[in-house]
Structure formats: C-alpha cells, structure tokens
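User: I'm in my first year and still learning how to read a protein model. Could you take a close look at one part with me and then show how it fits with the rest?

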Amino acid sequence: MKIKDKLGFLNINNSLYQTRISSKFKNRVKYQPADPKLILSFIPGTVVEIFVSQGQKVKKGELLLILDAMKMQNRLKCPMDGKIKSIVTTKGDRVSKGALLIELE
Amino acid sequence: MAVGKKILELQKKREKVLLGGGEQAIEKQKAMGKRTARERIMALLDDNSFNEYDMFVEHVGRDFDMEKKSLPSDGVIIGTGTIYGAPVAVFAQDFTVAGGSLGLMHSRKITKIMDHALKMRMPLIGINDSGGARIQEGVNSLAGYGEIFFRNTISSGVIPQLSVILGPCAGGAVYSPALTDFVFVVDNISKMFITGPEVIKTVLGEEISMEDLGGARIHSEVTGNAHFFSLSEEECFEQIKKLITFIPWNNSKKARMFEPAEPLAKYNISTIVPEDPTLPYDVKDVIRAVVDNSDFFEIMELYARNIVIGFGRMGGRTTGFVANQPMEMAGVLDVDSSDKAARFIRYCDAFNVPIITLVDLPGYLPGVDQEHAGVIRHGAKLLYAYSEATVPKLTVILRKAYGGGYIAMSSRHLRADFVFAWPSAEIAVMGPEGAANIIFRKEITSAEDPDAMRKQKVEEYKAKFANPYVAASRGYVDAVIEPSETRRILMHSIEVSENKDVPMPHKKHGLPPF
C-alpha cells in the first residue's frame, strides 16, 4: 500500500500512533523564549532613524530607533539598562517581521 | 403589425445585452479558461429553467465620464431556475462588463435576488467573478457591499447560501462568500484575498504570487475558507448540483428523500478497523460501509484532514457525518479540526440534518503552537456546537475515546440521543500507557525492574478500562454492538428520532466562542 510509506509516528500521552503527519505540523515553528537582549522588528517596515551607536551605554526606556510601518512611526525603546553590542540594521533598511535590529549586552 | 415590430425591438435589445461586454471581452474571458456569466448559469441549472430579471438595468455612474459608457445589465446576471427540480435563486457577476466591478445598480440587482431568495425560502447561489468595487462610484459601491453582507447574515440559517468563486474576489468582496454556508473554488481560476500581492509588496516588501496568496488550493488546504475544490468549472458545477440534492430548500424543510440503497459489498465494515488502537485506517471506508450506495459526499476534504465531515444518506435520508480520521495526525482534535467540525454541526442543526459521529481519537494535539493558537477557545466550539444541536445525534465509538476527546465527540453528556460502541471501543481518561504511568507511579519507580512493572501495570489497566463495558455499566453507552449491525441500528435510530423535539430555554442567541 503506497499510503503506508508516508506514515510517521505521533506521540500522544506516551502512546505512539502510526499516522500521516500533516505538513502544517511538520513545518510548525519551534517555540523559543523571548530574549530581551535582542531587539527585533515586531512588524515588517523600514528603519528610518537610528539613535544609538555600537558600544554606547543605554538606559531602560531610551529611544533606539524608529521603524516606519503601516504609515506609523514606531518608536522602539530600550527594554533594559545595558550596552549596545551590535547594530545589525542600517538607516533605510526594509526589514521583515522578527528581523534582528540591535543586540544588547 | 405594430405588436410584431415591438417584439422585434425587444428581441434586438435582448441580443445586444446578451453580448455582455462584447466579443473581445468574451474572447479574453475564454482565454483565461473561464465561461461567461450566462454560460455558467446555463451549465448549472436544469435545461430551460432559467428566468433572468433586470436584464435592462444600466449603471448610474455620473462621474469620471462614466455617463458616456453603457454597461449591459451592469455586470451581473440575476434570476431563478431549478437544479434537479429544486428551486434556486442565482446571481453571476459578468467579468466581461467593466471587470464585473460592483457599482450601485450592480449591487441592487444582487440584493434584489437575495431578498427574493429569502422571501421565497429557496437556496441562493452566488457566482463571484469581479475586480472589486467600481472606484468611479465611490461610497455607493461600498454601500452595495454592506447591503449584501447584511442580507447574507440575515438569511444565514434560513436558506442555504452557496458561493462560487470563478475569478477574482478581492478586498471587501470576500466577505460575502465568507458569510455563506459553502464556498466552491476552482484551481487556477479562483483568487480570494483581502489585500493583493501588489499591496503586500509595496507595504511589506514581501513578494508572493496571486495563486500562492489566495488561490484555490491555498483556501482549500491552508485557510479553510473554501469547502469544495475542483479542477474545472464543469467539475465545480457537478459538486454544486450534488450538494443541492443533499440539503433542504430552507430551514423549515427536510432534505429530499431518495430511494434507499444498500452500501457496496466491497466495503466490509468488520475488517476495516485494526484491533491495535495505534494502527491507522481510513475512516471514510467505515462511512462508505454504512451509507446508501457507499456514496459519501465529503466537505473540506483537503483541510484539517484529521477530522472528516460530509453528507451521506441512510435509508434515503440525508445524514451529516463527523468522524475522527486515524490516518491523519492520529485523528487528534486541534484548532483547525474543531473549527471545521463545529461549523458543520451547526449547519446540520440549522437545516434539520441528523448527525452521526464516528469516534476514534487519542485526544487533543499537544504543543505550544496549539495552545498559543487558542485551542481552548477553538476546541470549545465543538462542545458548544454538539451541545446546542437539537437534531438527532447518534454516536458510534469505534475504538479509542480518551479524555476530553471522548466528551467532545458527541458524548451522552452533550446529549447525544443514541451512543453505541463497538466491542473494540476503549473509553477511558487516557491511553493505557499514560494512565498506568500516573496511577502506578510509585509501584513502577520502586520496582526492581521498572520496565517490567510498567508493562504489567499497562496490561492491568488495559484489561480493566480499555473496553466499552465500564461506560456501558453507567448507561453512558446505550448498547455495545457488532460492526455488522451498525447500519441497521443507525437507520433505526434515525427513524425513531424523526419527531425529536427538545425544548430549549428562551434566549436571544447564545454566545458560542467565536
């Protein structure tokens, strides 16, 4: 039977079920806890201004950059006290959702 | 003769209108593999049954030089006809006329036939093929959409509403189909989205083709917006006609009775389901083994395949089937399958179709993505839909029925009228492996050979609970039946439920979790 070849196993409550695994399940994004040191774009958009530079000390609440998206100038602020480890983006960059912009240390 | 001349004049006027947007536009339509609006209606309805209305309606655009243009029938054909003798109201957008764009009179024609369908309590079929709002008519075209959505909503649950997407259907226009009962799409022809590839590219910088964004396959497999997928308009019309035979004309009627017929001999119900509860099989074969002629008409075949829904006939009566599919994702319940089944159950309940539920599931799908996607809220839809439904509800537990899944799948506790179980049924809080690990944790961990002890305890648990008799001893299961008795007993149950009447507390409406 050709269907048999496509079967995999799914574990539900310690029992292994022989079954076809959906592509949605196979392609699901593995969960990763949020890292406050990574400043990501929460929406696709364009970086229009960067206010900090590498190595600079920053305070919680300090303005890091402006991300233009859906006709809104979104102000991304620093979530914690720290230092700018690296700036991954440059002014004018068009970034997708979840893209890394700035790394703190 | 004066009258003869006038008749000639009418015939000429008709001829002109019947050309729609003209020969060139028709050629272009055909080049895309599409039929014209009137051809589609003719292909769908019984021969010579179509009567067209508002043929001579013209658009009322008076800005941007629109007053100089003539748009025959204003880009939409409306009328009534029959499908296998059943009355239906139809509208079909004519893409050859101004791209089937929706202006004020175009929308008035649609709402006229919608009002008619509701008043006459007959099914409404809408064929969508339109570039969207007619920009030149401004807010009048927005008003038109709003009037259509309102009528879709008010007619919902009173008359069957079918949407057929045979071309683009973009922007606000998609919400009319989304509000109707069944959406039909055709590969390479149907395109549905709120914002198209162009907008997505300019705003977000993401590039995607129309087909990948909102083509027929995407809506059938990924979004769940479409219920019937086909490869050609012809196949699509056959699906529509078949569906019409299964559903009643309105919510005060039952579906037409057909001549009862035995299932085909090749579906041997006693040999389909393997004894080992972890082994897969195709639950559609079980359905085919009990329905008349083994004719099962599946709905949303490509979406959330871990649950199967569709219509069949039992002794000539239309019956809705909901079944876990062990072959796909072990038949688990999850966000998508709960949503899919719940909506179908509500459809059956609104249109007097008894529901047969076939149960074989290990429980809910574990995972962060499921929890974060709201499996609590979506899973609750299934409980709500089953509890609320007052049509006859029959349940057959084929094999596993574990935990919350057992409750959700039309259990006695949600007021199933008849609950049957096969001897292979295992009705328990969870599978033996999981249960033994919890109940006998101490014995297992403190044993000299924990693995051997676990095996022993799993066997103990299996012997005690992995059967239908504990549930039967409490009356949660009405009868333990042999697979070969299933069809006869289900037919009998439907027969004796013919006059089911359940009083419900008065309310304006409930609050299902959507």
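Which residue follows helix 4 of chain B, and is its phi positive or negative? Please start there and work outwards.

Analyst: Sure, let's go. One thing to keep in mind is that this is a predicted model. The residue you're after is B:R121, which follows helix 4 of chain B and has a positive phi, near 55 degrees.

Now step back into the helix itself. Helix 4 of chain B has 16 residues, which at 1.5 Å a residue should span 22 Å, and its end C-alpha atoms are indeed 22 Å apart, so the two agree. Plenty of this helix is tucked away: B:L104, B:M105, B:H106, B:S107, B:K109, B:I110, B:I113, B:M114 and B:A117 are buried. Notice that the list includes B:H106 and B:K109 as well as B:L104 and B:I110. What lies over those buried residues? The cover includes strand 2 (76-83), strand 3 (86-93), strand 4 and helix 5 of chain B.

Let's zoom in on one residue, B:S107, which sits in helix 4 of chain B. B:S107 has 24 C-beta neighbours inside 10 Å, so it counts as buried; the cut-off for that is 20 or more. Leaving out residues up to four places away in sequence, B:S107 touches B:L102, B:S141, B:G144, B:Y145, B:E147 and B:I148. Look at B:G144 in particular: it is 37 residues away from B:S107 along the chain, yet their C-alpha atoms are separated by 4.9 Å.

That takes us over to helix 5 of chain B, residues 139-155. Helix 5 has 17 residues and reaches 24 Å from its first C-alpha to its last, close to the 24 Å expected at 1.5 Å a residue. Its buried residues are B:S141, B:G144, B:I148, B:R151, B:N152 and B:S155. Seen down the axis of helix 5 of chain B, those buried residues fall within an arc of 105 degrees, so they line one face of the helix. On the other side of helix 5, B:V139, B:T153 and B:I154 are exposed. And the cover on the buried residues of helix 5? It includes helix 4 (104-119), strand 4 (124-128), strand 5 (161-165) and helix 6 (175-179) of chain B. So helix 4 is part of the cover for helix 5, and helix 5 is part of the cover for helix 4. Just after helix 5 of chain B there's a positive phi too, this time about 85 degrees, at B:G157.

Now zoom out to the whole of chain B. Its secondary structure comes to 20 helices and 17 strands, and its C-alpha trace spans about 100 × 55 × 45 Å along its principal axes. Of its 514 residues, 49% are buried. Among contacts in chain B with a separation of 6 or more, 73% are between residues 24 or more positions apart. The pair you just met, B:S107 and B:G144, is 37 residues apart along the chain.

Next, the core. In soluble globular proteins, nonpolar side chains tend to be buried together. Here the largest nonpolar core has 131 residues, and those with the most contacts inside it are B:F184, B:I240 and B:I345. Helix 12 (residues 335-350) of chain B gives the largest share of this core, seven residues. Again skipping residues up to four places away in sequence, B:I345 touches B:V322, B:I355, B:A385, B:Y386 and B:A389.

Strands in chain B can be buried as well. In strand 15 (residues 418-421), B:F418 and B:F420 point one way while B:V419 and B:A421 point the other, and all are buried. Strand 15 pairs with strand 14 (residues 393-402) of chain B in the parallel sense, over four bridges. Across that pairing, B:I397 stands opposite B:A421.

Finally, chain B has company: 23 of its residues are in contact with 20 residues of chain A. On the side of chain B that touches chain A, helix 7 (197-204), helix 13 (368-372) and helix 16 (432-439) of chain B each give two or more residues. Helix 16 provides the largest share, three residues. By class, that side of chain B has 12 nonpolar, seven polar and four charged residues.

Terms used:
Residues numbered from 1 in each chain as written. Chains lettered and ligands numbered in written order. Predicted model: local features only at pLDDT ≥ 70, side-chain atom pairs only at ≥ 80, totals over all residues. Contact = placed C-beta atoms within 7 Å. Nonpolar A, V, L, I, M, F, W, Y, C, P; charged D, E, K, R; others polar. Core = buried A, V, L, I, M, F, W, Y, C linked by C-beta atoms within 7 Å. Buried ≥ 20, exposed ≤ 12 C-beta atoms within 10 Å, placed from the backbone. Expected span 1.5 Å × (residues − 1). Arc of directions from axis to C-beta. Pairing = 2+ DSSP bridges.
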